[in-house]
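Q: I have just opened this one and have never looked at it before. Could you walk me through it?

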Amino acid sequence: MKIYDREGAPNPARIRIVLAEKGLEDQVEFVSVDLIAAGQKQDSFLAMNPIGKIPVLELDDGLLISESTAITEYLDNLDGHPTLTGRNPREKAVIHMMQRRAEMLLLEPVDDYFHYGTPGLGKALRPWRMPDWSGAKEWGTRRGAQAVRGMPYFNDLLAKQPFLAGEAFSMADITLFAALAFAEVSGLPIAKELTALAAWRSRVSDLPAVKNRSGQHLLPEDLARLSA
Ligand SMILES: N[C@@H](CCC(=O)N[C@@H](CS)C(=O)NCC(=O)O)C(=O)O
């Protein structure tokens, strides 16, 4: 298997955590995509994923799977013992619902904040984003505020149960974890009063599959290129 990704980036980090949790890391070849040079928007990449985003999983028979949830489903079910995406209809439904909430209430607004409210990944990407860049910063800033407003929901839930979908660590927790790391590096840390959310994050970051895989968002070399 090959995974097209970029070390440190938040959605790729989701899959690296899944690979570690499922003991699959040594079966994968990572192919690094240069996001700052807009490698993900070039024709050769768009032929693999028309949405122009990483990660993308390529199986040995050539099948290409994009979207972190779809890749997670595949990897989690490979051994016939899914642990991250649910073992029965009820678990599957709750995990999918909660992971989508983590995307919609946090990961997606943070992504918009990062790309529009801050310098994001730099100028090379602009032609693929908004046709008219005026107003982008204001919209991105509003999306950042939405992300901050989304955090208390998860705090309140995690004050009552150990993980997002209930008693067990799942794909929903991985999405929320990546979203919080992305929020923090983008300048949207967890507010002090959200103690249950902070405690959950600290507990999850200590899980063996998660430790050191949270993603610092950009590799030091990428940060240096952006500030050059
Ligand atoms: N819905 C996608 C989101 C993927 C995504 O946003 N990937 C980011 C990296 S963290 C990306 O490729 N960004 C570059 C861009 O927006 O051009 C998924 O679940 O995998």
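A: What follows goes through the ligand and its surroundings, then the pocket, and then two spots in the backbone. Please keep in mind that this is a predicted model.

Q: Okay, how many residues surround the ligand, and which are the closest?

A: The ligand is surrounded by 15 residues, and the closest of these are Gln-40, Lys-41, Ile-54, Glu-67 and Arg-129. Sorted by class, that shell holds five charged, four polar and six nonpolar residues.

Q: Which helix gives the most to that shell?

A: That is helix α1, which spans residues 10-21 and gives four residues to the shell around the ligand.

Q: What about polar atoms, say for Ile-54: how far is a backbone N or O atom from a nitrogen atom of the ligand?

A: For Ile-54, a backbone N or O atom lies 2.7 Å from a nitrogen atom of the ligand. Two side chains can be added to this: an N or O atom in the side chain of Ser-68 is 2.8 Å from an oxygen atom of the ligand, and a polar side-chain atom of Asn-11 lies 3.3 Å from an oxygen atom of the ligand.

Q: And how much of the ligand does the protein bury?

A: The ligand exposes 510 Å² when taken alone, and the protein buries 90% of that area.

Q: Where does the ligand sit, then?

A: It sits in the largest pocket, whose volume is about 600 Å³.

Q: What lines that pocket?

A: The lining of the largest pocket consists of 29 residues, and those nearest its centre are Asn-11, Lys-53, Ile-54, Pro-55 and Asp-111. By class, the lining divides into nine charged, eight polar and twelve nonpolar residues. Among the helices, α1, α3 (68-77) and α4 (89-117) each supply at least two lining residues, while α4 gives the most, with seven.

Q: Changing topic to the backbone: is the peptide bond from Ile-54 to Pro-55 cis or trans?

A: The bond from Ile-54 to Pro-55 is cis, and its omega is near 10°. Pro-55 itself belongs to the loop between α2 (43-46) and β3 (56-58), and it is one of the residues nearest the centre of the largest pocket.

Q: What is phi of Ala-38, and where does that residue lie?

A: Phi of Ala-38 is near 60°, which is a positive value in a residue other than glycine. Ala-38 is found in the loop between β2 (29-32) and α2.

Terms used
Residues are numbered from 1 along each chain as its sequence is written. This is a predicted model: local features need pLDDT of at least 70, side-chain atom pairs count only at pLDDT 80 or more; totals for chains, interfaces and linings use all residues. Side-chain values use heavy atoms; hydrogens and water are left out. A residue is near a molecule or strand if one of its heavy atoms lies within 4 Å of it. A polar contact is a pair of N or O atoms within 3.5 Å; within protein, one must be able to donate a hydrogen and the other to accept it, and residues adjacent in sequence count only if both atoms are side-chain atoms. Accessible areas come from the Shrake-Rupley method with a 1.4 Å probe; for residues, only the protein chains shown count as cover. On a 1 Å grid over the protein atoms alone, a cavity is a set of points where a 1.4 Å probe fits but cannot get out, and a pocket is an open set with protein on both sides within 12 Å along at least five of seven lines; lining residues have an atom within 4 Å of a point. A molecule sits in a cavity or pocket if more than half of its atoms lie within 2 Å of its grid points. Ala, Val, Leu, Ile, Met, Phe, Trp, Tyr, Cys and Pro count as nonpolar, Asp, Glu, Lys and Arg as charged, and the others, Gly among them, as polar. Grid points are joined across faces, edges and corners, and a volume is the space filled by probe spheres set on the points.
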